[in-house]
Amino acid sequence: MTSGKWLRCTGSQLRKMAHAGLLWLEQNRDHVNSLNVFPVPDGDTGTNMLLTMRSAYARVEASEETHVGKVAGQLAQGALMGARGNSGVILSQIWRGLAAGLSGIEAFTTADLALAFQGASDTAYKGVMRPVEGTILTVIREGAAEAADAARKSEDLRFMLERILERCQQALERTPEQLPILRQAGVVDSGGQGLVYILEGMMRYAQGKLSLDGQATATVQSAPTGMPLPAQAMAIPEGGMLEFPYDVQFILMGRNLNVHEVRARIDAMGDSTVVVGDDRTIKVHIHVKDPGEPLSYGTSLGYVTDVVVENMQEQMEEIVHGPAAAMPVPDTVVVPGQVAVVTVASGAGLAGVFRSLGAAYVVNGGQTNNPSTEEIYRAVEQLPTDKVVILPNNKNIFLAAEAARDLSAKDVAVVHSRSMPQGITALMSLRPDGDVAANAEAMERALSLVKTGEVTRATRTVELDGVDVQEGSIIGLADGRLCSSGPDERVVLDELLEQMDIADCGIVTLYYGADVTMAQAMEAADHIRAGYPDVEVEAVEGGQAHYFYIIGAE
């Protein structure tokens, strides 16, 4: 940008600033991820905010619009639909408030931006049911206050952005004073840090310190020529049945990914394999028998997004015999007027459990893989009924689920299930012929009937809740509370079960993950039975990544 005073910002300039914020966040994503308080594999904040910003920028990347209000609206819409995790949803609300404040404005001034920042802060706070200080909310609120003060002192937008960034950085540094859990973990708020990086990228661009020329937003390489033919061009196999009926595509994001190793593993699962990318982002395409296999493998390595699963057998039947002969979809049949459930699950086994209990649509996601608002919204809209209950099964998916609810014109309720066992217990209360409110109320009551335990591996060294954790050690969590840590999985499991008061329960279900064999799971179940002979114990394949065991106790 040119030097001198910057008095008005056009739509094209805002688009470039959004690009700069995206690039700077991308460069610093790992640092944001490292600030997660709990030492567990989770939907990392940096990744969730990055995916949200990518979705926002994608809406304007090819646009030639110069009206700043219209560009801001497009950015806000993209952020909302691509929002992942609570941090991503709050970020989308910040964009939404900014867009509302800039609506109808051709090019904004400092006075306009000050009002828009206040709207961004107000909208972000309203988007959270119980706002907490010491988070991204505090950072944007203080940034809005500084914007108002700067607008009174100068008409220079660069001056204003410098002041906003400095104030937000100061607010970020104070977050451990406001949230004891941050002080205990020795970190600042991760969402606030992500927002500061976005603002810093914008500021660097405005100062001419960050060039957008020749830089990319970490997009994956284009697929090489020779991509698999679409279903319409496939040769019809003898007998009319495809060996690998599901077309699966997704983007895998992680750290130190080995493209050659991923390609070899994926290729062994089916045919028509295309795996391209780099050590952080890989595009995967494969035809398989079980779509859960490549997806579970992907989530074991990192974060899976942009998931597409197509039933090519069904497509082929339609081509050959017409739509009437297409194979039926083996999900719960929902009759218009009935209450249907959309749930989120990680792992083919857990997804199967939800389907067997009557879930109409299972969205792939969970820890390390928070689905976007758009993915949940599309699931709601695809159902042939206007009555829907959403089970997010993870507190970091609550805001995305609520945003999907608010987008839909259907009668939608969100039941705030925090874990897979809670979601399963809630689903047992489903009465399809009832109304949404009554079903949601019954499901909310059911959440307290189950205790949740989790056994996983620590991702960082920390002392939390009186538990000393070393990176790589086995840890146990009881209803989300860190309660045990050590090198021995069996010892940690025993301590976790004791903390969960398993002796007072009648049934314990052990959902074992992708890294646990059936023999190991059965051995663990026998061990629990030996220690608690009056408790009924069942081992079920969950297939979830990262978590050795997810335990439901009633």
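Here are some worked exercises on a predicted model of a single protein chain.

**Exercise 1. The chain as a whole**

Task: Find how many helices and strands the chain has, and what share of its residues is buried.

Solution:
- Step 1. Start with the elements: the chain contains 21 helices and 16 strands.
- Step 2. Turn to burial, where the cut-off is under 20% relative accessible area. Of the 554 residues in the chain, 57% are buried.
- Step 3. Look at the contacts with a separation of 6 or more: 71% of them join residues 24 or more positions apart.
- Step 4. Finish with the surface. The accessible surface of the chain is about 23,400 Å², and carbon and sulfur atoms account for 49% of that.

**Exercise 2. Helix α1**

Task: Compare the reach of helix α1 with its expected span, then decide whether α1 is largely enclosed or open.

Solution:
- Step 1. Locate the helix: α1 covers residues 11–27, which is 17 residues.
- Step 2. From first C-alpha to last, α1 reaches 25 Å, close to the 24 Å expected at 1.5 Å a residue.
- Step 3. Now check burial. In α1, 13 of the 17 residues are buried, so the helix is largely enclosed by the rest of the structure.

**Exercise 3. The largest cavity**

Task: Work out which residues and elements line the largest cavity, and of what class the lining is.

Solution:
- Step 1. Count first: there are 3 cavities of 30 Å³ or more. The largest holds about 240 Å³ of space.
- Step 2. List the lining. It consists of 18 residues, and W95, L98, F117, L199 and M202 lie nearest the centre of the cavity.
- Step 3. Assign elements: α1, α5 (85–102), α6 (110–126) and α11 (190–206) each give two or more residues to this lining. Helix α5 gives the most, with 6 residues.
- Step 4. Sort by class: the lining has 18 nonpolar residues, with no polar and no charged ones.

**Exercise 4. S87 in helix α5**

Task: Stay with α5 and describe the surroundings of S87, which lies in this helix.

Solution:
- Step 1. Test for burial. With a relative accessible area of 10%, S87 is buried, since the cut-off is under 20%.
- Step 2. Find its partners: beyond its neighbours within four places in sequence, S87 is in contact with T45, N48 and M49.
- Step 3. Take one distance across the fold. S87 and L195 are 108 residues apart in sequence, and their C-alpha atoms are 9.5 Å apart.

**Exercise 5. G423 and its contact N393**

Task: Place G423 in the structure, then follow its contact to N393.

Solution:
- Step 1. G423 sits in helix α18, residues 420–427. Its relative accessible area is 0%, and G423 is therefore buried.
- Step 2. Apart from neighbours within four places in sequence, G423 is in contact with F354, L391, N393 and S417.
- Step 3. Add a distance: A345 is 78 residues away from G423 in sequence and 9.2 Å away, C-alpha to C-alpha.
- Step 4. Move to N393, in the loop between β7 (387–391) and α17 (398–407). N393 is buried, with a relative accessible area of 3%.
- Step 5. Check the backbone: N393 has a positive phi of about 60°, although it is not a glycine.

**Exercise 6. Three loop residues**

Task: Decide whether G186, V335 and H546 are buried, partly exposed or exposed.

Solution:
- Step 1. G186 is in the loop between α10 (180–185) and α11. Its relative accessibility is 65%, so G186 counts as exposed, as the cut-off is over 50%. P176, 10 residues away from G186 in sequence, is 7.6 Å away from C-alpha to C-alpha.
- Step 2. V335 belongs to the loop between α14 (312–321) and β5 (339–345). At 43% relative accessibility, V335 is partly exposed. Not counting residues up to four places away in sequence, V335 touches P384 and T385. V335 and P432 are 97 residues apart in sequence, with 9.0 Å between their C-alpha atoms.
- Step 3. H546 is found in the loop between β15 (536–541) and β16 (547–553). With a relative accessible area of 22%, H546 is partly exposed. H546 is not a glycine, yet it has a positive phi of about 75°.

Terms used
Residues numbered from 1 in each chain as written. Predicted model: local features only at pLDDT ≥ 70, side-chain atom pairs only at ≥ 80, totals over all residues. Heavy atoms only, no water. Helix = DSSP H or I, 4+ residues; strand = E, 2+ residues; numbered from the N terminus. Expected span 1.5 Å × (residues − 1). Buried < 20%, exposed > 50% of the residue type's maximum accessible area, 1.4 Å probe, protein only. Contact = heavy atoms within 4.5 Å. Areas by Shrake-Rupley, 256 points an atom, 1.4 Å probe, with all protein chains shown as cover. 1 Å grid on protein atoms, 1.4 Å probe; cavity = no way out; pocket = protein on both sides within 12 Å on 5 of 7 lines; lining within 4 Å. Points joined across faces, edges and corners; volume = space filled by probe spheres on them. Nonpolar A, V, L, I, M, F, W, Y, C, P; charged D, E, K, R; others polar.
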